[in-house]
Structures are given as C-alpha cells and as structure tokens.
Amino acid sequence: MTLRRMKTYTGGQGYVYQYYFVGKRVALADAPEAPASEYIFDVTSDRKTTFSVSVFLPDESLRSWSSRHGRALTDAEQYGAVKMRLFQAFDDIEDMMAQGRCLVVSGESLESALGTLGVQ
C-alpha cells in the first residue's frame, strides 16, 4: 500500500484545500487535450468529500517551450508547472468540484508558471 503525503494550500477564494498527487499517465487518446500527459490529484476542501482533478500538460505546450528555450523540460520542472496550474485553479475557481476537475497547462500558462519558479 502506498502512503500518500497530504499537502495543504489556502486558495484565493478562502478555501483551504488538501491534496495529494495520485499519478501521471499519458492522456487517453479520445481526451480533447490529447496528446498530453495527465497528472491526477485527489483534492478535498472539507475533509469529507474527495474528488479527482486532472491537470493536462499538452505535448504542444512542451514543444513550444523547448523551441523557445533550446532545451527540454525535466520531469521535475513539468511537475512544478502542473502544480502551479493546480494552485492557480485553487486561487481562481470558487467551486473546484463542479468547475475545476479538468485543467490544462497552456503554452502561456506554462511560460508563466516556469517563470515564477525561476526556470529559464
């Protein structure tokens, strides 16, 4: 049995979220975000109801970033950008369970997240 490390984030809407990383997989072929990597998190804001949030990192966003910066992102850098997108949703979306279950890291948000993290 895998023990998961529960983390906490206070969102801009006033909710305190608890979340943990479930895993990463290639997005299903029929997903509108495909081709992409899908990062899955389990999230709760009330400690009673847990729901999954998928954050998609499209291959095209990665290619665009690589072509502008002359190198590929490491797995850790990709995960960092995905978590920044999750945090942005925690800050901006009032009802995560109803409206924030499927998030996408666009090329613009990838650039912004990595800039915040100091990745060149």
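The legends below describe an overall view and several close-up views of one predicted model.

Residues are numbered from 1 along each chain as its sequence is written, and side-chain values use heavy atoms, with hydrogens and water left out. As the model is predicted, local features need pLDDT of at least 70 and side-chain atom pairs count only at pLDDT 80 or more, while totals for chains, interfaces and linings use all residues.

**Figure 1. Overall view of the chain, with four helices and five strands.** Helices (H or I, at least four residues) and strands (E, at least two) are DSSP runs, numbered from the N terminus. Read from the N terminus on, the order of elements is β-β-β-β-α-α-α-β-α. The C-alpha atoms fill a box of roughly 45 × 30 × 30 Å along the principal axes. The radius of gyration of the chain is 14 Å, which agrees with the value near 14 Å for a compact globule of 120 residues. This radius is taken over C-alpha atoms, and the globule rule is 2.2 Å times the number of residues to the power 0.38.

**Figure 2. Surface, burial and charge of the chain.** About 6,900 Å² of the chain is exposed, and carbon and sulfur atoms supply 50% of that area. Accessible areas come from the Shrake-Rupley method with a 1.4 Å probe; for residues, only the protein chains shown count as cover. Of the 120 residues, 42% count as buried. Buried means under 20% relative accessible area, exposed over 50%, and partly exposed in between (1.4 Å probe, protein chains only). There are 13 positive and 15 negative side chains, and the centres of the two sets lie 7 Å apart. Lys and Arg count as positive and Asp and Glu as negative, whereas His and the chain ends are not counted. Each charge is placed at NZ of Lys, CZ of Arg, CG of Asp or CD of Glu.

**Figure 3. Close-up of the aromatic rings around Tyr 17.** Rings of Phe, Tyr and Trp (its six-membered ring) pair if their centres lie within 6.5 Å; planes under 30 degrees apart count as stacked, over 60 as edge-to-face and the rest as tilted. By this rule the count comes to 13 aromatic pairs. Tyr 15 and Tyr 17 form a tilted pair, with 6.1 Å centre to centre and 50° between the planes. Tyr 15 is partly exposed at 34% relative accessibility, whereas Tyr 17 is buried at 1%. Tyr 17 also forms a stacked pair with Phe 90, at 4.1 Å centre to centre and 10° between the planes. Tyr 17 lies in strand β2 (residues 16–26) and Phe 90 in helix α2 (residues 75–92), so this pair ties together parts that are 73 residues apart in sequence. Phe 90 is buried, with 0% relative accessibility. One aromatic cluster includes Tyr 15, Tyr 17 and Phe 90, with Tyr 9, Tyr 39 and Tyr 79 also among its members.

**Figure 4. Close-up of Lys 83 in helix α2.** Lys 83 has a relative accessible area of 14% and counts as buried. Contact means heavy atoms within 4.5 Å. Leaving aside neighbours within four places in sequence, Lys 83 is in contact with Lys 7, Tyr 19 and Phe 41. Tyr 19 and Phe 41 belong to the aromatic cluster of Figure 3. The C-alpha atoms of Lys 83 and Ala 113 are separated by 8.9 Å, with these positions 30 residues apart along the chain. Across the chain, 52% of the contacts with a separation of 6 or more are between residues 24 or more positions apart.

**Figure 5. Close-up of Gly 70 and Arg 71 in the loop between α1 and α2.** Helix α1 spans 59–69. Gly 70 is exposed at 66% relative accessibility, whereas Arg 71 is partly exposed at 29%. Beyond its neighbours within four places in sequence, Arg 71 is in contact with Trp 65, Ser 66, Glu 77, Val 119 and Gln 120. The C-alpha atoms of Gly 70 and Glu 111, 41 residues apart along the chain, are separated by 14 Å. For Arg 71 and Arg 101, 30 residues apart along the chain, the C-alpha separation is 31 Å.

**Figure 6. Close-up of backbone geometry at Pro 35 and Arg 47.** Most residues other than glycine have a negative phi, and most peptide bonds are trans. The peptide bond from Ala 34 to Pro 35 is cis, with omega near 0°. Pro 35 is found in the loop between β2 and β3 (36–44). Arg 47, which is not a glycine, has a positive phi of about 65°. Arg 47 lies in the loop between β3 and β4 (51–58) and is exposed, at 69% relative accessibility.
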